[in-house]
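The exercises below concern how helices pack and how strands pair. Please study the sequence and the structure before reading the solutions.

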Amino acid sequence: MPMNVAAKIARPEDVGLSSARLAAIPDYFGSYVAKGKVAGISTLVARHGEIAHFETIGQRDSESGLPLERDSIFRIYSMTKPITSLALMMLYEEGHFQLNHAVSRYIPEFKGLRVWAGGTHEKYETKPAAREMTIRDLLTHTSGLTYGFMPGHPVAKLYRQRGIDGAATGDITLKEMVARLAELPLLFSPGEQWNYSVSTDVCGYLVEVLSGRPLDEFLASRIFAPLGMNDTGFHVPKEKLGRFTTNYEKDFRTRAVRAIDRGDETSVYARPRKFLSGGGGLVSTMTDYWRFCQMILDGGVFEGTRLVSPKTIEFMSLNHLPGGKTMKEMSTAAFSELAGDGAGFGLGFQVILDPAEAQAVGSVGNLSWGGAASTYFWIDPEEDLVAILMTQLMPSSTYPLRPQLQQLVYAAIEE
């Protein structure tokens, strides 16, 4: 299949942006590359459906000196979540379920889940959940599930012991992961708190149950092929490994940056994976992910191909947290890919409710999320704008790349 690289970049002034100010973006992030903080960074800004800025800086592998290019392939980790959420909502449109349906209606193992009531990971007590987990709880991370890498709570340690590790989960299927989850206590009764979790991996399994197809096949046929996302999937085929980036990690104790997954045949992504992580398993390119974002911005359609109704996108973009609360008000853990101040959560992504409270220039209704390797996107319906940042550095909290990109992009708006 042909690579998806935008051949035409619009003149920024034609879409109400300043060329000079957009040029400040690579200048700014170039300092990160020059100082060795990241190997390379790619940034894209589109407005009124046209890409007006698309720059790459640095290398896709700093040891070999191979340049980062427009068609480079990145691990997008949790930027997989909006895609899986959309897949589930496509099945919602077809009448397969209601959002208030109990998850156990489709995953019988989830019937009678119990809640942590104290103790240690070796010996603990549980209590009955106040109510059953619903599909909306999964889509909004209010399910009571968690992540194994979360610090401090014994339930997270139980996840690690059972090999439930999000996108890094080993050689098991989604069905096997769900069976293991069913044996462990929830952190809290569904709907009571917001906690970043494997909820979207369970959504991926629901896509399989409801469609009768493996998650990778469903995403490829229903989303990637229609949108022309030719380089997006759960692994990197051999013929594309020459475009794959290397992933790095910064050790906060030694301050050293080291490669943790090379962009070659040694990568865990260089072969098909048994565990299809709907919460963090995909790789993609800048242009592929822009196509997805542009489809969301345009109400479910891209280049004449409609995936979902504009009403479905509108519905997904509302704050679905109980009582209209913010993520911060409901959050039970320190970790989230994005801060929860002034933000609610829709069906698959963060929704800005109050830019002043969020302490970031932007618009009410902005949709966004990020990935563990410091990737990020946001969609601004009010300004008809999409912006994407891709790099490969873990953890995502290492540098404030995301708010910095927002500052630079909004500074470029002229009309």
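Two exercises on this predicted model follow, each with a worked solution.

**Exercise 1.** Determine how helix α1 and helix α12 are oriented relative to each other, and which residues form their contact.

*Solution.*
Step 1. Two packed helices are described by the angle between their axes and the distance between the axes.
Step 2. The axes of α1 (residues 19-34) and α12 (residues 401-411) come within 8 Å and cross at roughly 160°.
Step 3. Angles over 145 degrees count as roughly antiparallel; α1 and α12 are therefore roughly antiparallel to each other.
Step 4. The crossing of these two helices, α1 and α12, is right-handed.
Step 5. From α1, the residues Arg21, Ile25, Tyr28, Phe29 and Tyr32 meet Leu401, Gln404, Leu405, Leu408, Val409 and Ala411 of α12. Sorted by class, this contact of α1 with α12 has 9 nonpolar, 1 polar and 1 charged residues.

**Exercise 2.** Describe the order of the strands in the open sheet of 8 strands, and explain why β3 and β12 each have one side without a neighbour in the sheet.

*Solution.*
Step 1. The order of the open sheet is β3-β2-β1-β16-β15-β14-β13-β12, with antiparallel pairing.
Step 2. β3 (66-67) and β12 (343-345) stand at the edges and each has a single partner strand, so one side of each is left without a neighbour in the sheet.
Step 3. As an example of pairing, β13 (residues 350-352) and β14 (residues 367-370) are joined in the antiparallel sense over 2 bridges. Here Gln350 stands opposite Ser368 in β14.
Step 4. Helix α1 packs on the sheet and touches β1 (40-47), β2 (50-61) and β16 (385-390). The direction of α1 makes about 15° with that of β2.

Note on methods
Residues are numbered from 1 along each chain as its sequence is written. This is a predicted model: local features need pLDDT of at least 70, side-chain atom pairs count only at pLDDT 80 or more; totals for chains, interfaces and linings use all residues. Side-chain values use heavy atoms; hydrogens and water are left out. Axes are lines fitted to C-alpha atoms, for helices over the stretch in contact, and angles run from 0 to 180 degrees between N-to-C directions. Helices (H or I, at least four residues) and strands (E, at least two) are DSSP runs, numbered from the N terminus. Angles under 35 degrees count as roughly parallel, over 145 as roughly antiparallel, 65 to 115 as roughly perpendicular and the rest as oblique. A crossing is left-handed if the near helix is turned anticlockwise from the far one by less than a right angle, and right-handed if clockwise. Contact means heavy atoms within 4.5 Å. Ala, Val, Leu, Ile, Met, Phe, Trp, Tyr, Cys and Pro count as nonpolar, Asp, Glu, Lys and Arg as charged, and the others, Gly among them, as polar. Two strands pair if DSSP finds at least two bridges between them.
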